[in-house]
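Colleague: Could you take a close look at one part of this protein for me, the inside and whatever packs around it? I'd like it in plain bench language, please.

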Amino acid sequence: MSLTSILSAEAIENAVKEFQAPDSFSFKKFSQLCGLTSKSPKEVKDVFQILDDDNSGFIEESELKFFLQRFVPGARTLTDAECKGFLSAADDDNDGKIGVEESFSPATEFLIMVQS
């Protein structure tokens, strides 16, 4: 499965272009631009699994760094500040990764992060 089977290639390209400058990344705005906020929980879970590069069930900071590149090869990496901001928005238990939290599935947690 690929991201373009869930999200429009054009929307992904436009979303990535919006955040070319270092320290300009906003996950909420990116999610809106690429169409992720309008997807079902199953589709969000599918995106989560694609972004979970090592299939650990978590998205770690090392995977966040290459977040934009998972959408468009050759896109810039996220800065350390962007990664830390991304994590602080989604990492409720402060374990340094985004994943299953008590009663939350990865899709639910990711969806909450997208919509917050």
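Modeller: Here is the core, followed by the parts around it.

First the small print: this is a predicted model, so local features need a pLDDT of at least 70 and side-chain atom pairs count only at pLDDT 80 or more, while totals for chains, interfaces and linings use all residues. Residues are numbered from 1 along each chain as its sequence is written, and side-chain values use heavy atoms, with hydrogens and water left out.

To get your bearings, the protein has seven helices and two strands; these are DSSP runs numbered from the N terminus, with helices being H or I of at least four residues and strands being E of at least two. Along the sequence they come in the order α-α-α-β-α-α-α-β-α. Of the 116 residues, 43% count as buried. Buried here means under 20% relative accessible area, exposed means over 50%, and partly exposed is in between, using a 1.4 Å probe and protein chains only. Contact means heavy atoms within 4.5 Å. Among contacts with a separation of 6 or more, 54% involve residues 24 or more positions apart.

Now the core itself. A nonpolar core is a set of buried Ala, Val, Leu, Ile, Met, Phe, Trp, Tyr and Cys residues joined through side-chain atoms within 4.5 Å. The largest one has 30 residues, and the members that touch the most others are F25, F30, F67 and F71. At least two residues of this core come from each of α1, α2, α3, α5 and α6, and α3 supplies the largest share, five residues. As background, nonpolar side chains in soluble globular proteins tend to be buried together.

F71 is a handy place to start looking. Leaving out residues up to four places away in sequence, F71 touches L3, L7, I12, V16, F30 and L51. Two of those partners, I12 and V16, are among the buried residues of helix α1 (9–18), along with A11 and A15. Down the axis of α1, these buried residues fall within an arc of 130°, so they line one face of the helix; the arc is taken from the directions from the helix axis to the C-beta atoms. They pack against α2 and α5. At the N-terminal end of α1, S8 acts as a cap, with a side-chain oxygen 3.2 Å from the backbone nitrogen of E10. N14 also belongs to α1, but N14 is partly exposed at 42% relative accessibility. Its C-alpha lies 9.3 Å from that of F30, with the two residues 16 apart in sequence.

F30 takes us to helix α2 (27–34), where F27, F30, S31 and C34 are buried. Those residues cover an arc of only 100° around the axis, so they are on the same side of α2. Just after α2 comes G35, which has a positive phi near 95°.

What about the cysteines? C34 is buried at 2% relative accessible area, and C83 is buried too, at 1%. A search of the whole structure finds zero disulfides, a disulfide being a pair of cysteine sulfur atoms within 2.5 Å.

One charged residue is worth a stop. R76 is in the loop between α5 (67–71) and α6 (80–90), and R76 counts as buried at 17% relative accessibility. The R76 side chain has a polar contact with the side chain of E82 at 2.7 Å, and it reaches the backbone oxygen of A21 at 3.2 Å. A polar contact is a pair of N or O atoms within 3.5 Å; within protein, one must be able to donate a hydrogen and the other to accept it, and residues adjacent in sequence count only if both atoms are side-chain atoms. Beyond four places in sequence, the residues R76 touches include F19, P22, F25 and L68.

Last, the annotated stretch. UniProt's unreviewed entry lists "domain: EF-hand" at residues 39–74 and "binding site" at D52, D54, S56, F58 and E63; such annotations may be inferred rather than shown by experiment, feature names are shortened, and positions follow the numbering used here. Residues 39–74 are 58% helix and 8% strand, with their end C-alpha atoms 25 Å apart. Within the listed site, S56 is in the loop between α3 (41–51) and β1 (58–60), and the S56 side chain makes a polar contact of 3.0 Å with that of D54. S56 is partly exposed at 33%. F58, in strand β1, is partly exposed as well, at 21%.
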